[in-house]
Amino acid sequence: MSSQPSLTRRSALIDRFLGGIERVGNKLPDPFMLFLLLFGITAVASTAMAWANVTVQLPGTDEVTVVKGFFTAEGLTWFTQNIGVNYLGFPPLATVLPILLAVGVAEKSGLLAALIRKTFGSAPRWSLPYAVAFVGVVGSIMSDAAFVVIPPLAALVFKAAGRHPVAGLLGGFAAVGAGYSTSLFVTSLDALFAGITTSVTQNLPNAGSAVTPVSNYFFNVVSSLVLIAVAGFIIDKILEPRLGRQGIARQEIVVDDDDAAVLVPAAMNARLTDAENRGLFWSFVAGAVVAAVILVGVLLPESPWRNEDGEFLPRSPLLSSIVFIVFAMFVIPGLVYGKITGTIARGSDVPRVMGQAIKDMSGFLVLAFILGQFIALFNFSGIGSWLAVAGASGLESIGLTGFPAVVSFVLLASLLNLFIISGSAMWTLMAAVFVPLFVLLGYEPAFIQGAFRVGDSATQVLTPLNPYMIVLLTMLRKYEPRAGLGTMIARMLPFAVTFWLAWVGVLSVFYFFDLPMGPGNGILIP
């Protein structure tokens, strides 16, 4: 009898805490103005550092990076010559726009909704949070495309089952972002990290076992299973109930010319018509044919999608073609389904539905302009390298040893991850500093690489510098037009904190029980 009041008090406490974060966060300027402000701060800071002749040298190299100032002759000419390049070179555009066009065809034709209804119509409602968590955590095999594809599909899954679509949307994004550095499968990220680590250790004496793409595989498998369980629990027990208590709409909302919010009717019958069933069957056949053609093309011994060594890892044309593969697997089945069901009757319907998909994300295209300028300035100035090396020097000066030093390293990576979103870029900077440091302390490079994975992912869903946060905010505003960055941070915080604690817990189990991180790679150098 006493558990329910206790649960209510606990829920109220969580709501007040997260609500406070949301209110404070939403006092931040509009995302466009926020990044314009950050651009100005970076411009001034970089100029001051340039006038002070600030330089940074990565340990183990002779290269000295000079911090460049925006308000200098070099900085101003760089900006005026590259304003368009900075925009079009904004990395997510190359991923988001083609996938938006493809998903637009699959969605507007009705294929996605029919597929979700068919697949999850009879699935137990309780299992959906864990299914979304599973797909999100292992979704890093799709690279950055996972941030664009998985959240809206998760929203459709929840809506089809009568659950809150925003819980699926946000939960799918959290699972992708906070678990990005791990997976049940070996991915290109494993090969990329291993290549960076190896490049640092090859000149070190007694650097332990060689690091390969599977050097963290055992750790990744255990981490993935734990994070899937954690993410599913948070979606089910914290996120979705709180959305209900806040009264967040379960249907998409449009704002008319008078700024009046109007619910969009979204009836979704679990039973498919005969035409929809035929469309699903032939779209599945079309998808299987596309997959077979791609598979044959890449498995040929002389396939042009292999790298110079005849392999696919760590880099190859195949891995660079992920966006095309996703594009084809959405567009072709979508066209087949639309043709059979009549939702895409003429050729002119194809650019129409593609245009509607782009229109739905027009706000992101505007934000991408200032985001591209800010990230380009951050990279041009060299401030990111200076932050990484300065943080490393501070940790080294403390003189920590043992597991506290490892946890401090993870914490530093988590903090730097708020500023440097690219995992490969951050590991390139941090590996050069910390791998030699921890090797001297007797740790295997593969173990330090595994520890870096924790910090590299957990806080990724909290920082506005993650460009896919802006993509998600655009999607969220379809249900919650007044949502801001504070809303996003408050909803993502339970995932980030719990993921970080759980993942550090897994790391501590491997450390204290001296478990192998992967085949042939332990914790301490023998």
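1. Helices α11 (residues 274–299) and α12 (residues 322–341) make a good place to start: their axes come within 8 Å and cross at roughly 150°. Here axes are lines fitted to C-alpha atoms, for helices over the stretch in contact, with angles from 0 to 180 degrees between N-to-C directions. The pair is therefore roughly antiparallel, a label for angles over 145 degrees. The crossing of α11 and α12 is right-handed, meaning that the near helix is turned clockwise from the far one by less than a right angle.

2. A word on the basis of these values. This is a predicted model, where local features need pLDDT of at least 70 and side-chain atom pairs count only at pLDDT 80 or more, while totals for chains, interfaces and linings use all residues. Residues are numbered from 1 along each chain as its sequence is written, and side-chain values use heavy atoms, with hydrogens and water left out.

3. Back to that helix pair: among the α11 residues that meet α12 are Trp282, Val290 and Ile294, and the α12 side includes Met329, Pro333 and Tyr337 (contact means heavy atoms within 4.5 Å). The residues of this contact divide into 15 nonpolar, four polar and two charged. In this count Ala, Val, Leu, Ile, Met, Phe, Trp, Tyr, Cys and Pro are nonpolar, Asp, Glu, Lys and Arg are charged, and the others, Gly among them, are polar.

4. You may also like to look at α18 (residues 445–458) and α20 (residues 485–512), which pack at about 170° with axes 9 Å apart. These two are therefore roughly antiparallel as well. Phe447, Arg453 and Val454 are among the α18 residues in the contact, with Trp500, Trp503 and Tyr511 among those of α20. Ten of the contact residues are nonpolar, one is polar and one is charged.

5. Phe447 turns up again in the largest nonpolar core, which has 135 residues; Phe447 is listed there with Phe364, Phe409, Trp427 and Met430 as having the most contacts inside it. Such a core is a set of buried Ala, Val, Leu, Ile, Met, Phe, Trp, Tyr and Cys residues joined through side-chain atoms within 4.5 Å. Helix α20 gives the most to this core, with 15 residues.

6. For the whole protein, there are 20 helices and four strands, taken as DSSP runs (H or I, at least four residues; E, at least two) numbered from the N terminus. Of its 526 residues, 50% count as buried, that is, under 20% relative accessible area with a 1.4 Å probe and protein chains only; exposed is over 50%, and partly exposed lies in between.

Terms used
Parallel < 35°, antiparallel > 145°, perpendicular 65-115°, else oblique.
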